[in-house]
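Me: Please take a close look at one residue in this structure and describe its surroundings in a connected way. I would also like the chain as a whole as background.

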Amino acid sequence: MTEINFAGERHALAPDETVLECLERTAHALPFSCRNGACLTCMMRVRAGTLPEAAQAGLREGQKQQGYFLPCVCRPDADLEIEAPADAELFGRAMVSEITHLSASICRLRLRTATPLFYHAGQFINLRRGDGLVRSYSLASVPRLEDILELHVKRLGGGKMSNWIYNDLAVGEALDIHGPNGDCYYIGGEPDRPLLLIGNGSGLAPLYGILRDALADGHAGPIHLYHGSRTAKGLYYGDELQALAREYRHFHYLPCLSGTVDEAGPEPGVQRGRADAAAFADHPDLSGWRVYLCGYPPMVQTAKKRAFLAGAALRDILTDSFEMQDVRRLPRD
Amino acid sequence: MSESLFQRIGGAAAVDAAVDVFYRKVLTDPHVMHFFDTTDMDGQRAKQISFLTMAFGGPHEYTGMDLRIAHAPLVLDGLNDSHFDRVAGHLQATLEELKVDEASIAEVMAIAGSTRDDVLNR
């Protein structure tokens, strides 16, 4: 029987139970969000015992060495003594410096931190509001270009955090942030490699960061960005992206509308159909390409397979899938 | 002393070169593709790295029992000799594509073939 020792109490794990499930069963309220080893919201630390490898997958080397692990994917084989990390170890403060509505359902949130955050454009941070609710958002800002952090928040039906940001949060208020996390970002040192960026909805956020990071780095190979939306209004940042495409001849911006003509509205220069479908039709051979896929999980998952079968190496396919916590049905945008 | 099979083939770098080629082959073969997970492609790739390392004569911790347990649900779903042969064929084609010498290919195929009864839970 495997046991965990937490806060001076011992709890036996049920068969196949995760540490997070065990702590919930024994009435410990821990913060969590994705329950899938992705968002790092529930991160804890081991004091004694051996962790299964899966409990630390996706953490940075430094975090692993310090004994951090993810209880939501931790099914230990041996007894563990664990603790919740001190709050200050994980969270820093940030102040809201701007909230701009970019479309009916997407707003731009800009944050300022007291000390600079070291991150790559395209990674994500966790936001925590006063009552402890935590959600992950990807970084559209580029550290070498701007001091602020920029996030794109899509308002979702039933989304607790997104509706709060949309309706209640105001400039000047403070939020706790944790991060950066994730490995979906521009990798320098291979300036000639062709890049394919595919995103739908606010999946544009990490891609907008990755794109500008690549251009600022002097990336010389072709860069193709396909942004998909159901409606024309959902194709936010179109002017900015078209301006970049005029300035950089090797950058190609391809907005795609997947809604019916009535829903989408007439829009010159916009392709019909889904962004991923258009991208794979235009680029049937992706050998040697690096591919970035950001947005709704079903698109990311199918596109990952298609990109791989089209010749991209699996390690060159970088993804940022939305996690959607309190959303049963997605309003389509 | 002569080099081991794993060294001759090119070690971990050879596994790395082979894994995507091999995975692409099984994922596009309608006869076996449904046995390979595409919801967790990175996890699947890691498993195939372990398998290829073993088949290439490299360091591994596989036991016959591990192979039995891992494949038991697939056997219930109908995994049989015909599927084993297809996947073995994809392994051989991968090695030929990567210009591995014939003698080494024969050794790899012998190691892979030795797992048949465990994989098929016989």
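Reply: What follows starts from Thr41(A) and then turns to chain A as a whole. The model is predicted, so local features need pLDDT of at least 70 and side-chain atom pairs count only at pLDDT 80 or more, whereas totals for chains, interfaces and linings use all residues. Residues are numbered from 1 along each chain as its sequence is written, chains are lettered from A in the order in which they are written, and side-chain values use heavy atoms, with hydrogens and water left out.

Thr41(A) sits in the loop between helix H1 (19-25) and strand E3 (44-48) of chain A, where helices (H or I, at least four residues) and strands (E, at least two) are DSSP runs numbered from the N terminus. With a relative accessible area of 8%, Thr41(A) is buried, a word that stands for under 20% relative accessible area with a 1.4 Å probe and protein chains only. Neighbours within four places in sequence aside, Thr41(A) is in contact with Pro31(A), Phe32(A), Ser33(A), Asn126(A) and Val134(A), contact being heavy atoms within 4.5 Å.

As for the background, chain A contains 9 helices and 17 strands, and buried residues make up 55% of its 333 residues. Among contacts in chain A between residues at least 6 apart in sequence, 66% join residues at least 24 apart. The C-alpha trace of chain A spans about 65 × 45 × 40 Å along its principal axes.

Key: Buried means under 20% relative accessible area, exposed over 50%, partly exposed in between (1.4 Å probe, protein chains only).
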